[in-house]
Amino acid sequence: MSIELVRRYFRELGMEERILEFEESSATVELAARAVGCEPARIAKTLSFKVGEEPVLIVAAGDAKIDNRKYKDTFGKKAVMLTREEVEDRIGHAVGGVCPFGVPEEVKVYLDESLKRFSTVFPAAGSSNSAIELNLAELERCSQAAGWVDVCKGWQEAEA
(Lines give C-alpha, C1' and ligand atoms only; values in the text may rest on other atoms or scores of the structure.)
Protein backbone atom coordinates (compact mmCIF):
# COMPACT_ATOMS: atom_id res chain seq x y z
CA MET A 1 0.00 0.00 0.00
CA SER A 2 1.50 3.32 -0.99
CA ILE A 3 0.59 5.12 2.24
CA GLU A 4 2.96 2.72 3.99
CA LEU A 5 5.69 3.66 1.53
CA VAL A 6 5.04 7.36 2.16
CA ARG A 7 4.90 6.77 5.93
CA ARG A 8 8.31 5.04 5.76
CA TYR A 9 9.67 7.88 3.62
CA PHE A 10 8.58 10.53 6.14
CA ARG A 11 9.75 8.38 9.07
CA GLU A 12 13.28 8.59 7.63
CA LEU A 13 12.88 12.39 7.55
CA GLY A 14 11.56 12.47 11.13
CA MET A 15 8.20 13.78 9.90
CA GLU A 16 5.93 10.71 9.97
CA GLU A 17 3.77 12.10 12.80
CA ARG A 18 2.70 14.97 10.53
CA ILE A 19 0.77 12.68 8.15
CA LEU A 20 -2.97 13.24 8.53
CA GLU A 21 -5.40 10.37 7.94
CA PHE A 22 -9.12 10.87 7.66
CA GLU A 23 -12.20 8.70 8.09
CA GLU A 24 -13.62 10.23 4.92
CA SER A 25 -12.15 10.35 1.43
CA SER A 26 -9.76 13.10 0.43
CA ALA A 27 -9.43 11.83 -3.14
CA THR A 28 -10.51 15.08 -4.83
CA VAL A 29 -9.51 18.67 -4.18
CA GLU A 30 -12.94 19.47 -2.73
CA LEU A 31 -13.00 16.40 -0.46
CA ALA A 32 -9.44 17.01 0.69
CA ALA A 33 -10.18 20.66 1.50
CA ARG A 34 -13.20 19.61 3.54
CA ALA A 35 -11.22 16.90 5.38
CA VAL A 36 -8.28 19.22 6.13
CA GLY A 37 -10.42 22.30 6.81
CA CYS A 38 -8.84 24.69 4.32
CA GLU A 39 -9.70 26.42 1.08
CA PRO A 40 -9.50 24.12 -1.99
CA ALA A 41 -6.69 26.19 -3.53
CA ARG A 42 -4.32 25.12 -0.69
CA ILE A 43 -4.65 21.45 -1.66
CA ALA A 44 -1.48 20.59 -3.58
CA LYS A 45 -2.80 18.25 -6.25
CA THR A 46 -0.32 15.99 -8.02
CA LEU A 47 -0.97 15.50 -11.73
CA SER A 48 0.70 12.67 -13.69
CA PHE A 49 1.95 13.22 -17.23
CA LYS A 50 4.39 11.69 -19.65
CA VAL A 51 6.95 13.69 -21.59
CA GLY A 52 7.80 11.34 -24.42
CA GLU A 53 7.82 8.09 -22.48
CA GLU A 54 9.13 9.56 -19.21
CA PRO A 55 6.69 10.03 -16.30
CA VAL A 56 6.48 13.53 -14.84
CA LEU A 57 4.54 14.83 -11.84
CA ILE A 58 3.29 18.39 -11.62
CA VAL A 59 2.24 19.54 -8.15
CA ALA A 60 -0.16 22.47 -8.46
CA ALA A 61 -2.61 24.45 -6.37
CA GLY A 62 -6.10 22.99 -6.12
CA ASP A 63 -7.65 25.80 -8.14
CA ALA A 64 -5.10 25.66 -10.98
CA LYS A 65 -5.57 23.95 -14.33
CA ILE A 66 -2.92 22.91 -16.82
CA ASP A 67 -2.41 25.50 -19.55
CA ASN A 68 -1.58 23.48 -22.66
CA ARG A 69 0.43 26.28 -24.30
CA LYS A 70 2.56 26.90 -21.17
CA TYR A 71 3.04 23.15 -20.72
CA LYS A 72 4.23 22.71 -24.32
CA ASP A 73 6.50 25.77 -24.05
CA THR A 74 8.05 24.31 -20.88
CA PHE A 75 8.37 20.63 -21.81
CA GLY A 76 8.50 20.82 -25.61
CA LYS A 77 5.63 18.33 -25.89
CA LYS A 78 1.85 18.34 -25.71
CA ALA A 79 0.42 17.56 -22.25
CA VAL A 80 -0.46 13.85 -22.15
CA MET A 81 -1.76 12.49 -18.86
CA LEU A 82 -0.91 8.99 -17.73
CA THR A 83 -3.81 6.54 -17.79
CA ARG A 84 -5.18 5.24 -14.49
CA GLU A 85 -3.24 2.00 -14.97
CA GLU A 86 -0.03 3.80 -15.90
CA VAL A 87 -0.27 6.02 -12.81
CA GLU A 88 -0.22 3.08 -10.41
CA ASP A 89 2.41 1.14 -12.40
CA ARG A 90 4.79 4.04 -13.10
CA ILE A 91 4.24 6.35 -10.11
CA GLY A 92 3.47 3.78 -7.42
CA HIS A 93 0.37 5.50 -6.03
CA ALA A 94 -3.26 5.00 -7.02
CA VAL A 95 -5.35 7.85 -8.46
CA GLY A 96 -6.84 9.75 -5.53
CA GLY A 97 -3.67 9.33 -3.46
CA VAL A 98 -1.00 10.34 -5.96
CA CYS A 99 1.69 12.40 -4.28
CA PRO A 100 5.29 13.39 -5.02
CA PHE A 101 6.75 11.32 -2.16
CA GLY A 102 8.28 7.86 -2.35
CA VAL A 103 8.06 7.76 -6.14
CA PRO A 104 10.53 5.88 -8.36
CA GLU A 105 13.81 7.72 -8.94
CA GLU A 106 13.18 8.19 -12.67
CA VAL A 107 9.96 10.16 -12.02
CA LYS A 108 10.69 13.89 -12.22
CA VAL A 109 8.66 16.14 -9.93
CA TYR A 110 7.95 19.79 -10.74
CA LEU A 111 6.22 22.33 -8.51
CA ASP A 112 3.93 24.85 -10.17
CA GLU A 113 4.15 28.59 -9.43
CA SER A 114 0.46 28.51 -8.38
CA LEU A 115 1.59 27.12 -5.00
CA LYS A 116 3.85 30.07 -4.16
CA ARG A 117 1.02 32.25 -2.82
CA PHE A 118 0.60 29.98 0.25
CA SER A 119 2.80 29.56 3.31
CA THR A 120 1.71 25.92 3.64
CA VAL A 121 -0.07 23.45 1.36
CA PHE A 122 -1.59 19.98 1.74
CA PRO A 123 -0.46 17.29 -0.73
CA ALA A 124 -1.80 13.75 -0.46
CA ALA A 125 0.29 11.20 1.42
CA GLY A 126 -0.17 8.09 -0.69
CA SER A 127 -3.82 7.18 -0.09
CA SER A 128 -7.26 8.54 -0.89
CA ASN A 129 -7.76 9.59 2.74
CA SER A 130 -4.47 11.22 3.73
CA ALA A 131 -2.53 14.48 3.50
CA ILE A 132 0.44 16.22 5.03
CA GLU A 133 0.85 19.94 5.68
CA LEU A 134 4.17 21.27 4.39
CA ASN A 135 5.66 24.70 3.86
CA LEU A 136 7.06 25.32 0.38
CA ALA A 137 10.68 24.67 1.35
CA GLU A 138 9.64 21.33 2.88
CA LEU A 139 7.57 20.47 -0.18
CA GLU A 140 10.51 21.25 -2.45
CA ARG A 141 12.91 19.19 -0.34
CA CYS A 142 10.59 16.26 0.43
CA SER A 143 9.39 15.91 -3.16
CA GLN A 144 12.98 16.14 -4.42
CA ALA A 145 11.59 18.57 -6.99
CA ALA A 146 13.50 19.06 -10.22
CA GLY A 147 12.37 22.69 -10.08
CA TRP A 148 9.56 25.21 -10.27
CA VAL A 149 7.51 25.63 -13.45
CA ASP A 150 4.71 27.91 -14.64
CA VAL A 151 2.36 25.58 -16.51
CA CYS A 152 -1.04 26.38 -14.99
CA LYS A 153 -3.85 28.85 -15.51
CA GLY A 154 -7.00 29.85 -13.68
CA TRP A 155 -5.44 30.49 -10.30
CA GLN A 156 -4.48 34.12 -10.94
CA GLU A 157 -8.13 34.92 -11.61
CA ALA A 158 -9.05 33.28 -8.30
CA GLU A 159 -6.52 35.54 -6.57
CA ALA A 160 -7.99 38.77 -7.90
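**Exercise 1. Determine in which sense β3 and β6 pair and over how many bridges.**

Solution. Strands β3 and β6 pair in the parallel sense over four bridges. Two strands count as paired if DSSP finds at least two bridges between them. Strands themselves are DSSP runs (E, at least two residues), as helices are (H or I, at least four residues), both numbered from the N terminus. One bridge can be named: the partner of Ile-58 in β6 is Tyr-110.

The model is predicted: local features need pLDDT of at least 70, side-chain atom pairs count only at pLDDT 80 or more, and totals for chains, interfaces and linings use all residues. Residues are numbered from 1 along each chain as its sequence is written, and side-chain values use heavy atoms, with hydrogens and water left out.

**Exercise 2. Describe how β2 and β3 pair, and find how many residues of β3 are buried.**

Solution. Step one is the pairing: β2 and β3 run in the antiparallel sense over eight bridges. Within it, Lys-45 stands opposite Ala-60 in β3.

Step two is the turn. The hairpin of β2 and β3 has two residues between the strands, and Gly-52 there takes a positive phi near 70 degrees.

Step three is burial. Strand β3 spans residues 54–61, and seven of its eight residues are buried. Buried means under 20% relative accessible area, exposed over 50%, and partly exposed in between (1.4 Å probe, protein chains only).

**Exercise 3. State where Thr-46 lies and which residues are in contact with Thr-46.**

Solution. Thr-46 lies in strand β2. With a relative accessible area of 11%, Thr-46 is buried. Leaving aside neighbours within four places in sequence, Thr-46 is in contact (heavy atoms within 4.5 Å) with Leu-57, Ile-58, Val-59, Val-98, Cys-99 and Pro-100.

**Exercise 4. Work out which residues the ring pairs link into a cluster.**

Solution. Start with the criterion: rings of Phe, Tyr and Trp (its six-membered ring) pair if their centres lie within 6.5 Å; planes under 30 degrees apart count as stacked, over 60 as edge-to-face and the rest as tilted. The structure holds five aromatic pairs.

Take Phe-49 and Tyr-71. Their centres are 5.1 Å apart with 45 degrees between the planes, and the pair is tilted. Phe-49 lies in strand β2 (residues 43–51) and Tyr-71 in helix α3 (residues 68–75), so the pair ties together parts 22 residues apart in sequence. Phe-49 is buried at 3% relative accessible area, and Tyr-71 is buried at 0%.

Next, Phe-75 and Tyr-110 form an edge-to-face pair, 5.1 Å centre to centre, with 75 degrees between the planes. This pair links distant parts of the chain, with Phe-75 in helix α3 and Tyr-110 in strand β6 (residues 108–112), 35 residues apart. Phe-75 has a relative accessible area of 15% and is buried; Tyr-110, at 15%, also counts as buried.

The result is a cluster of Phe-49, Tyr-71, Phe-75 and Tyr-110, linked by ring pairs.

**Exercise 5. Locate Ser-26 and identify what its side chain reaches.**

Solution. Ser-26 lies in the loop between β1 (19–21) and α2 (29–36). Its relative accessible area is 6%, and Ser-26 is buried. The side chain of Ser-26 reaches the backbone nitrogen of Ser-130 at 3.1 Å. Beyond neighbours within four places in sequence, the residues in contact with Ser-26 include Leu-31, Gly-96, Ser-128 and Asn-129.

Key. A polar contact is a pair of N or O atoms within 3.5 Å; within protein, one must be able to donate a hydrogen and the other to accept it, and residues adjacent in sequence count only if both atoms are side-chain atoms.
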